[in-house]
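Subject: Structure for you to look at

Hello,

Here is the structure I said I would pass on. My notes follow below it.

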Amino acid sequence: MSLFSVMNIAGTALAAQTLRLNITASNMANADSAASSIGGTYRARHPVFAPQAIDPWDFDQSANLGVKVTGVVESAAELRREYQPGHPLADEAGYIFLPNVNVVEEMANMISASRSYQTNVEIMEASKQMLARTLALGQ
Amino acid sequence: MFDLNQAIGIHAQTAILRARRAEVLAANLANADTPHYRARDLDFSALLNGELESSSLQRTDVRHFALGDTQDGGLELLYRVPAQASLDQNTVDVQAERAAFLDNAMRYQASLRFLNSRLAGLLNAFRGE
């Protein structure tokens, strides 16, 4: 029944958006995590979304596509390098390295993720009503 | 002879197609943030006409094709033409899709209501009170 796969589709979207929110949260939390080397510095992470067939046995796979997270990529943007000789993590030259997290971008990402989450919750709510009415047919 | 399909009429097929469309629209909304995803929809009135014709046409030979019986189960999905291009080539317009989904859900419930009243009428007739 296709109304049940509406639930599945919205469910995959909820999972994906939750992961996106999680990643945004860890980016924001680590926005100022200093380190003494380039390799040891936190880099901003971003999820990669891709369509995913809900039911592999469905002949018409082009129709019911949920969303999945195919991976999490680290941002290749330049790390911030600051001269702070007094910092306990400063290297011999007196520099510390800070993550390449763009806080403004992350905020926009967070709002977008929570909006998408809400939309999908509403879709589930609507299809729940449709299903309930269908079950009550003839009563 | 009494034909239940005829008594119920068009509404059962309509509800099935509406449920199918709800699925397609939900997939669009789920992929609102997926790069390169292209929004899809189905041509409701064309499909419903196809259903009606295929149910009324008689096949006199097994080798005849049924109407609307194409490879993808008779449901031809079309791509939506985006009103505004986006940088990641995603063509989902969330507001438009939500409006379409709600519209579709309301029409589904209308079909259910019609079905319900047909069934109630039938039950009344059966009881003969």
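How many helices and strands are there in chain A? The model is a predicted one, and in it chain A has two helices and four strands. Their order along the sequence is α-β-β-β-β-α, with a helix at either end of the pattern and the strands between.

On overall dimensions, the C-alpha trace of chain A spans about 80 × 30 × 20 Å along its principal axes. The radius of gyration of chain A is 22 Å, where a compact globule of 139 residues would have one near 14 Å. Of those 139 residues, 27% count as buried.

As for contacts inside chain A, I looked at those with a sequence separation of 6 or more. Residues 24 or more positions apart account for 65% of them.

Then the contact between the two chains. Chain A contributes 31 residues to it and chain B contributes 30. On the chain B side, the elements that give two or more residues are α2 (11-30) and α4 (94-127). Of the elements of chain B, α4(B) gives the most to the side that touches chain A, with 11 residues. Sorted by class, that side of chain B has 20 nonpolar residues, along with five polar and five charged ones.

That is what I have on chain A and on the side of chain B that touches it.

Regards

Technical notes. Residues are numbered from 1 along each chain as its sequence is written. Chains are lettered from A and ligands numbered from 1 in the order in which they are written. This is a predicted model: local features need pLDDT of at least 70, side-chain atom pairs count only at pLDDT 80 or more; totals for chains, interfaces and linings use all residues. Two residues are in contact if their C-beta atoms, placed from the backbone, lie within 7 Å. Ala, Val, Leu, Ile, Met, Phe, Trp, Tyr, Cys and Pro count as nonpolar, Asp, Glu, Lys and Arg as charged, and the others, Gly among them, as polar. The radius of gyration is taken over C-alpha atoms; the globule rule is 2.2 Å times the number of residues to the power 0.38. A residue is buried if 20 or more other C-beta atoms lie within 10 Å of its own, exposed if 12 or fewer, and partly exposed in between; C-beta atoms are placed from the backbone.
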